[in-house]
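Visitor: Please show me the structure, and then explain the words used to describe it.

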Amino acid sequence: MSIQQNATAPSASVAIAHELSNEIAKSEQPINDLFQDTQDLLSFEISFLKDKHLKRYCDKHGLDAENTEIVLMQAKGLTDCHLHTKGHSTFITLGNKHGFPEPGNSGLLSAEYQEGVKEYELRAEQFGVDEISVVHPMQIHAFYATEGHTLTALGVVSPRIRHTKQHFDVVDCDYI
């Protein structure tokens, strides 16, 4: 198993991502068993870890469950480009061994936001199964799945980006 830890990923978030990805791999219906509130957001599908599981993982790893969310996201193409002003996200990519399609050469497009800059060149980072990736606050980003593939990732987000079921800490960015 190759887990790559990005040096800027909080260790508690990495530990949760790894442990929960193993639990997902053992579940016959992980979305139904572990997640709730599935919805479309920014051209991908997102589900939120059920509160009882969130509390269990946060308590075990020393995170505040009131200010943390754990999400399962799936992209089948290019998602909307956006940034979060506060949320720090640590993702682990899932694949066949977790009960999801292989990601292929799918990944993340991103650039660091800079005050006053109007246009950015997004850099691509491909994700392999079990790889850890990080999206920082104020990092412009979009997920992409290559043709015929689905990018499925488990994310530990703190502070939360979802304020209510339909209100998120999301600033839209436009592709040119």
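Guide: A residue is buried under 20% relative accessible area, exposed over 50%, and partly exposed in between (1.4 Å probe, protein chains only). This is a predicted model, in which local features need pLDDT of at least 70 and side-chain atom pairs count only at pLDDT 80 or more, while totals for chains, interfaces and linings use all residues. Residues are numbered from 1 along each chain as its sequence is written, and side-chain values use heavy atoms, with hydrogens and water left out.

Visitor: Why is Lys60 called exposed?

Guide: Lys60 has a relative accessible area of 55%. The limit is over 50%, so the word applies.

Visitor: What makes Lys60 and Glu19 a salt bridge?

Guide: The term requires a side-chain nitrogen of Lys or Arg within 4 Å of a carboxyl oxygen of Asp or Glu. In this pair the closest N and O atoms are 2.8 Å apart, so the requirement is met. Lys60 is in helix α3 and Glu19 in helix α1, 41 residues apart. Helices here are DSSP runs (H or I, at least four residues), strands are runs of E (at least two), and both are numbered from the N terminus.

Visitor: Why is Glu19 called partly exposed?

Guide: Glu19 has a relative accessible area of 24%. That value falls between the limits for buried and exposed, so the middle word is used.

Visitor: How do you know that Arg56 and Glu23 form a salt bridge?

Guide: Their closest N and O atoms are 3.3 Å apart, which is within the cut-off, so the pair counts. Arg56 lies in helix α3 and Glu23 in helix α1, so parts 33 residues apart in sequence are tied together.

Visitor: Which of the words buried, partly exposed and exposed fits Asp130?

Guide: Asp130 has 4% relative accessibility and therefore counts as buried. Its side chain meets that of Lys97 in a salt bridge (2.5 Å, N to O). Lys97 is partly exposed, with a relative accessible area of 42%. The structure holds 5 salt bridges.

Visitor: Why is the aromatic pair of Phe91 and Phe143 called edge-to-face?

Guide: Rings of Phe, Tyr and Trp (its six-membered ring) pair if their centres lie within 6.5 Å; planes under 30 degrees apart count as stacked, over 60 as edge-to-face and the rest as tilted. These two rings are 5.3 Å apart, centre to centre, with 75° between the planes. Both conditions are met, so the name follows. Phe91 lies in strand β5 and Phe143 in strand β9, so the pair ties together parts that are 52 residues apart in sequence. Both residues are buried, and ring pairs link them with Phe44 into a cluster.

Visitor: How do you know that β6 and β9 pair?

Guide: Two strands pair if DSSP finds at least two bridges between them. There are 6 bridges from β6 to β9, and the strands run antiparallel. The count reaches the minimum, so they pair. Within β9, Phe143 is the bridge partner of Leu108. Strand β6 (residues 107-112) is also joined to β7 by 4 bridges, and 5 of its 6 residues are buried.

Visitor: What makes a set of residues a nonpolar core?

Guide: Its members are buried Ala, Val, Leu, Ile, Met, Phe, Trp, Tyr and Cys residues joined through side-chain atoms within 4.5 Å. The largest such core has 20 residues, and those with the most contacts inside it include Leu20, Phe35 and Ile70. Helix α1 gives the most to this core, with 5 residues.
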